[in-house]
Amino acid sequence: MELRDLVLHALTVKKSGTADQIAEFLGRDSGEIATTLSAAAEDGLVAGGAGIHMATPAGRQVLDELYPVAYAEVRSDPAVEAAADRFE
């Protein structure tokens with residue numbers, strides 16, 4: 001996944017966050033996360049105020065389209081499928 005997608009994923013998992021919080025979550029530099037958040041906001045994928053960001057519906061749509069492709073190999077593993085069935 002690209003950094004933008006990882007940032008969207010982190011925002012989705014955490015519900016919202018600052019650049020520093022997302023950087024810590026991802027183990028990345030907060031400067032690069034701030035730059036990525038700014039670009040994602042310009043693209044309408046992230047919204048926020050007072051330094052707190054969250055994924056927009058358009059950002060969630062990006063992930064909804066990405067996940068099946070990014071995790072296709074893992075999801076095709078019978079052991080993973082069985083574990084997911086037990087979890088759900």
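These legends walk you through several close-up views of a predicted model.

**View 1. Helix H1 crosses helix H4.** Welcome to the first pair of helices. Two packed helices are described by the angle between their axes and the distance between the axes. Here, H1 spans residues 3–14 and H4 spans residues 57–70. Their axes come within 10 Å and cross at roughly 110 degrees. Angles of 65 to 115 degrees count as roughly perpendicular, so H1 is roughly perpendicular to H4. The crossing of H1 and H4 is left-handed.

**View 2. The residues where H1 meets H4.** Which residues of H1 and H4 make the contact? From H1 come Arg-4, Asp-5, Leu-8, His-9 and Thr-12. From H4 come Gly-59, Arg-60, Val-62, Leu-63, Leu-66 and Tyr-67. Sorted by class, this contact of H1 with H4 has five nonpolar, three polar and three charged residues.

**View 3. Helix H1 packs against helix H3.** H1 also packs with H3, the helix of residues 30–42. The angle between H1 and H3 is about 90 degrees, and their axes are 10 Å apart. That angle makes H1 roughly perpendicular to H3. On the H1 side, look for Leu-3, Arg-4, Val-7 and Leu-11. On the H3 side, the contact is made by Glu-32, Ile-33, Thr-36 and Leu-37. By class, the contact of H1 with H3 divides into five nonpolar, one polar and two charged residues.

**View 4. A close look at Thr-12 in helix H1.** Thr-12 lies in H1, and we have already met this residue in the contact of H1 with H4. Is Thr-12 buried or exposed? Its relative accessibility is 15%; since buried means under 20%, Thr-12 counts as buried. A polar atom of the Thr-12 side chain lies 2.9 Å from the backbone oxygen of Leu-8. Leaving aside neighbours within four places in sequence, Thr-12 is in contact with Ala-55, Arg-60 and Leu-63. Arg-60 and Leu-63 also appear among the H4 residues in the contact with H1.

**View 5. Val-80 in helix H6.** For the last view, we move to H6, which covers residues 78–87 and includes Val-80. The relative accessibility of Val-80 is 33%, and this residue counts as partly exposed. How far apart in space are Val-80 and Ser-30? From C-alpha to C-alpha they are 33 Å apart, while in sequence they are 50 residues apart.

Notes: Residues are numbered from 1 along each chain as its sequence is written. This is a predicted model: local features need pLDDT of at least 70, side-chain atom pairs count only at pLDDT 80 or more; totals for chains, interfaces and linings use all residues. Side-chain values use heavy atoms; hydrogens and water are left out. Axes are lines fitted to C-alpha atoms, for helices over the stretch in contact, and angles run from 0 to 180 degrees between N-to-C directions. Helices (H or I, at least four residues) and strands (E, at least two) are DSSP runs, numbered from the N terminus. Angles under 35 degrees count as roughly parallel, over 145 as roughly antiparallel, 65 to 115 as roughly perpendicular and the rest as oblique. A crossing is left-handed if the near helix is turned anticlockwise from the far one by less than a right angle, and right-handed if clockwise. Contact means heavy atoms within 4.5 Å. Ala, Val, Leu, Ile, Met, Phe, Trp, Tyr, Cys and Pro count as nonpolar, Asp, Glu, Lys and Arg as charged, and the others, Gly among them, as polar. Buried means under 20% relative accessible area, exposed over 50%, partly exposed in between (1.4 Å probe, protein chains only). A polar contact is a pair of N or O atoms within 3.5 Å; within protein, one must be able to donate a hydrogen and the other to accept it, and residues adjacent in sequence count only if both atoms are side-chain atoms.
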